[in-house]
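Good morning. I have one structure to go through today. Please look at the model on the screen while I talk.

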Amino acid sequence: STGLGEDMRHALQHIRVQSAISSVVLQGSGPHFSVGGNPYTIRGSHVMSPAGLALSLRELYHGFVQLRTLPRPVVGAVHGALVGGGVAGCLHVDYLTADHASTFEHGNLVRGVCVLGMLSQTFAIALGPHAQHVYLQNARLSAAVACAAGLVHQLCKGVCATQTRAREVAAHL
């Protein structure tokens, strides 16, 4: 949602001025890290031009993209189903832990949307030669396959264990 985008921007502004923060952990709450979102809902009840929609989406993902510019390590802890924007968001971390039951799906081609957040670049970089197949076939990757492909660095059993491990890695970095 646009609210999530604003919250992420504000959090990053706060982190940037805190010299005592040595690392950051990005994690979700609820049953999923992030199942992405529907950019068509940003239009709301009024008609928005394609340029206006693109600007709204850019603002939504700006905070997530800015994770890459932090001068501190960013560790992610993901769980549940990650689709589109959820995948885009977690690919901006330096180290990613995932619950063993997580699934990863690009999910945009079949929905007729194109996520910003650098997903076209980060997805291809993370998955290498497998990215095109996953994108075109809308393959849903298990956590084990995502780990073997290099999308995830470490698997854990359970959400709490995943988040705890991410905090441990962040402390060591």
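Reading from the N terminus, the order of elements in the chain is α-β-α-β-β-α-β-β-α-α-β-α-β-α. That comes to seven helices and seven strands. Keep in mind that this is a predicted model.

Now the chain as a whole. It has 173 residues, and 43% of them count as buried. The exposed area is about 9000 Å², with carbon and sulfur atoms supplying 57% of it. Take the contacts between residues at least 6 apart in sequence: 69% of these join residues at least 24 apart.

Next, the interior. The largest nonpolar core holds 32 residues, and the ones touching the most other members are Val78, Cys90 and Phe104. Helix H2, residues 50-66, gives the most to this core, with four residues. Another core lies apart from it and has five residues, including Val75, Ala77, Val169 and Ala170.

I will finish with one residue, Asp99. Where does Asp99 sit? It is in strand E4, which covers residues 95-99. Asp99 is buried, yet it has no salt bridge. Which side chain of opposite charge is nearest to Asp99? That is Lys157, at 7.9 Å. A salt bridge is counted within 4 Å, so a pair at 7.9 Å is not one.

What Asp99 does have is a polar contact, side chain to side chain, with His100 at 3.2 Å. Beyond its neighbours within four places in sequence, Asp99 is in contact with Val78, His79, Ala143, Cys156, Lys157, Gly158, Val159 and Thr162. Val78 is a name you have heard already, from the largest nonpolar core.

Conventions
Residues are numbered from 1 along each chain as its sequence is written. This is a predicted model: local features need pLDDT of at least 70, side-chain atom pairs count only at pLDDT 80 or more; totals for chains, interfaces and linings use all residues. Side-chain values use heavy atoms; hydrogens and water are left out. Helices (H or I, at least four residues) and strands (E, at least two) are DSSP runs, numbered from the N terminus. Buried means under 20% relative accessible area, exposed over 50%, partly exposed in between (1.4 Å probe, protein chains only). Lys and Arg count as positive and Asp and Glu as negative; His and the chain ends are not counted. A polar contact is a pair of N or O atoms within 3.5 Å; within protein, one must be able to donate a hydrogen and the other to accept it, and residues adjacent in sequence count only if both atoms are side-chain atoms. Contact means heavy atoms within 4.5 Å. A nonpolar core is a set of buried Ala, Val, Leu, Ile, Met, Phe, Trp, Tyr and Cys residues joined through side-chain atoms within 4.5 Å. Accessible areas come from the Shrake-Rupley method with a 1.4 Å probe; for residues, only the protein chains shown count as cover.
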